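Thanks for passing this one along. Here are my notes, set out point by point so that you can follow them with the model open beside you.

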Amino acid sequence: MATKKIAKNIKFEDALSELEAQVQLLESGEQTLDKALEVFKYGVELSRVCSSRLDSVKKKKKKIV
């Protein structure tokens with residue numbers, strides 16, 4: 001099973017929304033173990049994208065202030 005690829009130019013809001021959808025899938029408990037692992041991996045990557053975007057914005061804000 002291949003992990004979904006995340007677009008490099010994905011907006012923060014879109015990544016966060018997709019992450020929330022992945023969390024709901026995991027919380028449903030309806031996935032097989034293999035599928036749950038794939039969903040988890042994809043969620044971790046989405047989480048990293050969101051964290052990176054937030055860090056970038058914090059740095060830009062700090063420069064402005």
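1. The largest nonpolar core has seven residues in all: Ile10, Ala15, Leu19, Tyr42, Leu46, Val49 and Cys50. Helices α1 and α2 each supply at least two residues of this core, and the largest share, four residues, comes from α2. Please keep in mind that this is a predicted model.

2. Ala15 is a good place to start looking around the core, being one of its members. Leaving aside residues up to four places away in sequence, Ala15 touches Ile10, Leu46, Val49 and Cys50. Those four partners also belong to the largest nonpolar core.

3. Next, have a look at Gln22, which lies in helix α1. Is Gln22 buried or exposed? Gln22 counts as buried, because its relative accessibility is 5% and the cut-off for buried is under 20%. Its side chain is joined to that of Glu18 by a polar contact of 2.8 Å. Not counting residues up to four places away in sequence, Gln22 touches Lys4, Val39, Tyr42 and Leu46. Of these partners, Tyr42 and Leu46 are also listed in the core.

4. Glu18 deserves its own point, since besides the polar contact with Gln22 its side chain meets that of Lys4 in a salt bridge, 3.6 Å from N to O. This pair links distant parts of the chain: Lys4 sits in the segment before α1 (12–28), Glu18 is in helix α1, and the two are 14 residues apart. Glu18 counts as partly exposed because its relative accessibility is 24%. Lys4 is also in the partly exposed class, at 49% relative accessibility. Lys4 appears among the contacts of Gln22 as well, so Lys4, Glu18 and Gln22 can be viewed as one group, given that a contact is a pair of heavy atoms within 4.5 Å.

5. How many salt bridges does the model have? The count comes to three. Besides Lys4 and Glu18, one of them joins Lys41 and Glu38, with the closest N and O atoms 3.9 Å apart. The cut-off is 4 Å, which is worth having in mind when you inspect that pair. Lys41 and Glu38 are separated by about one helical turn because they are three residues apart in helix α2. Their accessibilities fall into separate classes: Glu38 counts as buried at 13%, whereas Lys41 counts as partly exposed at 39%.

6. The remaining pair is Glu45 and Arg48, whose side chains meet in a salt bridge of 2.9 Å, N to O. Both residues lie in helix α2, three residues apart, about one turn of the helix. Glu45 counts as partly exposed, with 37% relative accessibility. Arg48, at 53%, counts as exposed, because the cut-off for that class is over 50%.

7. On the surface, I would point you to a nonpolar patch of about 270 Å², made by Leu26, Leu37 and Phe40. Leu37 is found in helix α2, which covers residues 33–64. With 43% relative accessibility, Leu37 counts as partly exposed. That value also suits a patch member, because patches are made of residues with over 30% relative accessible area.

8. Finally, here are some spacings to check on your screen. Ser52, found in helix α2, is 40 residues from Phe12 along the chain, and their C-alpha atoms are separated by 9.5 Å. Ser52 counts as partly exposed, at 45% relative accessibility. Lys35, also placed in helix α2, is 29 residues from Ile6 along the chain, with 18 Å between the C-alpha atoms. The class of Lys35 is partly exposed, at 31%. Glu20, in helix α1, and Lys59 are 39 residues apart in sequence and 25 Å apart in space, C-alpha to C-alpha. Glu20 counts as partly exposed too, its relative accessibility being 47%.

Conventions: Residues are numbered from 1 along each chain as its sequence is written. This is a predicted model: local features need pLDDT of at least 70, side-chain atom pairs count only at pLDDT 80 or more; totals for chains, interfaces and linings use all residues. Side-chain values use heavy atoms; hydrogens and water are left out. Patches are made of residues with over 30% relative accessible area and no salt bridge: like charges are joined within 9 Å, nonpolar side chains (Val, Leu, Ile, Met, Phe, Trp, Tyr) within 5 Å. Accessible areas come from the Shrake-Rupley method with a 1.4 Å probe; for residues, only the protein chains shown count as cover. Buried means under 20% relative accessible area, exposed over 50%, partly exposed in between (1.4 Å probe, protein chains only). A polar contact is a pair of N or O atoms within 3.5 Å; within protein, one must be able to donate a hydrogen and the other to accept it, and residues adjacent in sequence count only if both atoms are side-chain atoms. A nonpolar core is a set of buried Ala, Val, Leu, Ile, Met, Phe, Trp, Tyr and Cys residues joined through side-chain atoms within 4.5 Å.
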